[in-house]
Amino acid sequence: MSAGHSAVTTPRAVVWCEDGVDCGIRDLLDRLGDKWSVLTIVELAQGVRRFRELQRALPGISQRMLTLTVRRLERDGLVSRTVHPTVPPQVEYELTPLGHSLTHLVRAMADWSYDHHDAIVTSRHAWDEANPGSEIR
């Protein structure tokens, strides 16, 4: 490879299991398609957080939704939960090594959205003007 040139990689096809179901991509999309999971992963990438710290860092999330989100992430092995025997109990959350391995993908999505935000907004405005009365949003 010459200087200034990078290798072009061919995207891999989705790997299908024998029963015709994909072997993992839907599970990942279920998790990353949930905005609260992504935002929680972004926050926990900064370090260990207590429940209330997480809640304050994620404006708009309800206590119930945060509870469901961290439980789902814990179930998936992306977050660990530590309960300290204090009164009242203190609970801390942190990314597991598996969770940390996901942060580069989340960062790439965040970078992409930042880099392309203006183009998407422009495209949406043009589409909305060309399709008045559409309920697509």
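Leaving aside its neighbours within four places in sequence, which residues is L66 in contact with? That was my opening question for this predicted model. I found L66 touching T40, F51, L54, Q55, L58 and I61.

**Entry 1: overall layout**

I started by listing the elements. The protein has five helices and three strands. Read from the N terminus, I get the order α-α-β-α-α-β-β-α. The chain has 137 residues, and 23% of them count as buried. I also looked at the contacts with a separation of 6 or more: 42% of them are between residues 24 or more positions apart. The accessible surface came out at about 10,500 Å², with 55% of it belonging to carbon and sulfur atoms.

**Entry 2: the core around L66**

Back to L66, this time as part of a group. The largest nonpolar core holds 19 residues, and L66 and Y93 have the most contacts inside it. I then asked which elements each supply at least two residues of this core. They are α2 (35-44), α3 (51-57), α4 (63-75), β3 (90-95) and α5 (97-130). Helix α2 gives the largest share, four residues. As general background, nonpolar side chains tend to be buried together in soluble globular proteins.

**Entry 3: the sheet**

Next I traced the strands. They form an open sheet of three, in the order β1-β3-β2, with antiparallel pairing. The edge strands are β1 (49-50) and β2 (79-84), each of which pairs on one side only. Helix α2 packs on this sheet and touches β1, β2 and β3; I noted an angle of about 95 degrees between its direction and that of β3.

For the pairing itself, I counted six bridges between the antiparallel strands β2 and β3. A hairpin of five residues connects β2 to β3. Along this pair, V79 sits opposite L95 in β3, and R81 has Y93 as its bridge partner in β3. On the other side, two bridges join β1 to β3, again antiparallel. There, R50 stands opposite E92 in β3.

**Entry 4: the two faces of β3**

Which side chains of β3 are buried, and which are not? V91, Y93 and L95 point to one face and are buried. Q90, E92 and E94 point to the other face and are not buried. This fits the usual picture, in which side chains of a regular strand alternate between the two faces of the sheet. I was pleased to meet Y93 again here, as it is one of the two residues with the most contacts inside the core.

**Entry 5: salt bridges**

My last search was for charged pairs, and the count is two salt bridges. In one, E43 pairs with R49, with the closest N and O atoms 2.7 Å apart. Are these partners buried or exposed? With buried meaning under 20% relative accessible area, E43 counts as buried because its value is 17%. R49 counts as buried too, because its value is 18%.

The other salt bridge links R107 to D111, where the closest N and O atoms are 3.2 Å apart. Both residues belong to helix α5 and lie four residues apart, about one turn of the helix. R107 has 48% relative accessibility, so I noted it as partly exposed. D111, at 35%, is partly exposed as well.

Conventions
Residues are numbered from 1 along each chain as its sequence is written. This is a predicted model: local features need pLDDT of at least 70, side-chain atom pairs count only at pLDDT 80 or more; totals for chains, interfaces and linings use all residues. Side-chain values use heavy atoms; hydrogens and water are left out. A nonpolar core is a set of buried Ala, Val, Leu, Ile, Met, Phe, Trp, Tyr and Cys residues joined through side-chain atoms within 4.5 Å. Buried means under 20% relative accessible area, exposed over 50%, partly exposed in between (1.4 Å probe, protein chains only). Contact means heavy atoms within 4.5 Å. Two strands pair if DSSP finds at least two bridges between them. Axes are lines fitted to C-alpha atoms, for helices over the stretch in contact, and angles run from 0 to 180 degrees between N-to-C directions. A salt bridge is a side-chain nitrogen of Lys or Arg within 4 Å of a carboxyl oxygen of Asp or Glu. Accessible areas come from the Shrake-Rupley method with a 1.4 Å probe; for residues, only the protein chains shown count as cover.
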